[in-house]
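Q: I would like to learn how to read a sheet and a surface patch. Please take me through an example.

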Amino acid sequence: MPQAATLEAGSRYDLRVGSSPEAPDEADFRDDSGVFGYAHSYESSSRYDGPGLRVVLFLSGCLLRCTYCHNPDTWHLKDGTRVSVQQVLDRLQSFVPALRSLEGGLTISGGEPMVQLEFTRRILAGAKEMGLHTAIQTSGYLGDRVDDRFLSVLDMVMLDIKSSDPATYLKVTERELAPTLRFAERLAKIGKRAWVRFTLVPGHTDDPANVDGVARFVAPMKNVEWVEVQPFHQMGAFKWKAMNLEYKHTDTLPPSPELVARVIGQFRAAGCNAR
Ligand code: SF4
């Protein structure tokens with residue numbers, strides 16, 4: 001196994017591919033030791049990925065294939081940089097004073113953090129030892145993998161519920177919806193703080209019945225502080241082209257302000273705090 005490389009700071013919109021050709025396939029990957037993992041990049045000052053100022057670590061590996069994904073270069077472990085937990089924590093350490101003073105913390109995103117579950121858990125545990133607030137951003141698809149030990153070092157979950165309709169979910173992600181709903185219900189049961197994110201893709205997820213389904217599912221959940229409606233955008237389109245992937249949204253426009261307002265209104269009407 002090669003030595004760990006240095007993870008460069010960057011952005012979710014940097015195209016990064018082919019850094020670890022020896023990496024295993026993510027589909028059946030289990031990181032039992034979790035000492036090393038594969039990461040795309042990190043951002044040091046996000047205001048959009050959890051409360052306060054966040055360092056956001058984008059891990060490699062995802063089993064979904066969302067047609068509108070803006071990070072297809074995070075799907076495969078082989079496209080990530082192999083780094084150790086210690087390297088990540090050493091880097092994180094320098095941001096601790098700023099994160100604490102701005103009431104933020106660490107968010108692990110991706111890709112899907114649960115693909116490298118033990119690597120993610122170790123980083124979250126290290127962040128907790130530094131006194132930081134911890135969050136993951138996840139589709140919840142692999143939520144059945146999560147145990148109490150993992151949840152004990154996690155302060156909050158940002159959960160993407162991409163549709164309430166199994167057929168629509170399958171169409172936009174190529175995976176089943178049920179594991180995500182199961183994970184959401186489990187978080188609600190234990191009262192784990194959560195924000196739900198709904199990506200609004202005109203012509204694909206904007207059907208009023210689809211939105212209502214998500215809203216009615218989430219509304220009774222007392223642990224969900226916010227539902228955040230995220231408008232589809234084209235900022236990741238160039239990655240699909242560069243990676244020779246078939247992109248189905250070349251002609252999809254971002255939602256109009258009126259459509260965003262209608263969808264936020266639907267969530268609010270159901271009783272959700274939505275924005
Ligand atoms: S879950 Fe996220 S990273 Fe995975 S394909 Fe969907 S949008 Fe992309």
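Q: Which residues form a nonpolar patch on the surface?
A: First, the ground rules. This is a predicted model, with local features needing pLDDT of at least 70 and side-chain atom pairs pLDDT 80 or more, while totals for chains, interfaces and linings use all residues. Residues are numbered from 1 along each chain as its sequence is written, and side-chain values use heavy atoms, without hydrogens or water. Patches take residues with over 30% relative accessible area and no salt bridge, joining like charges within 9 Å and nonpolar side chains (Val, Leu, Ile, Met, Phe, Trp, Tyr) within 5 Å; a salt bridge puts a Lys or Arg side-chain nitrogen within 4 Å of an Asp or Glu carboxyl oxygen. Here Leu15, Val17 and Phe238 form the patch, with about 240 Å² of accessible area together (Shrake-Rupley, 1.4 Å probe, only the protein chains shown as cover).

Q: Why does Val17 count as partly exposed?
A: Buried is under 20% relative accessible area, exposed over 50%, and partly exposed in between. Val17 is partly exposed because its relative accessibility is 42%.

Q: In what order do the eight strands form the open sheet?
A: Strands of a sheet pair through backbone hydrogen bonds, parallel or antiparallel. Pairing requires at least two DSSP bridges; strands are DSSP E runs of at least two residues, helices H or I runs of at least four, numbered from the N terminus. The order is E3-E1-E2-E4-E5-E6-E7-E8, with mixed pairing. Strands E3 (81-84) and E8 (224-231) are at the edges with a single partner strand each, so one side of each has no neighbour in the sheet.

Q: In which sense do E5 and E6 pair?
A: E5 (residues 133-138) and E6 (residues 156-160) are parallel, over four bridges. Thr138 stands opposite Leu159 in E6.

Conventions. Buried < 20%, exposed > 50% of the residue type's maximum accessible area, 1.4 Å probe, protein only.
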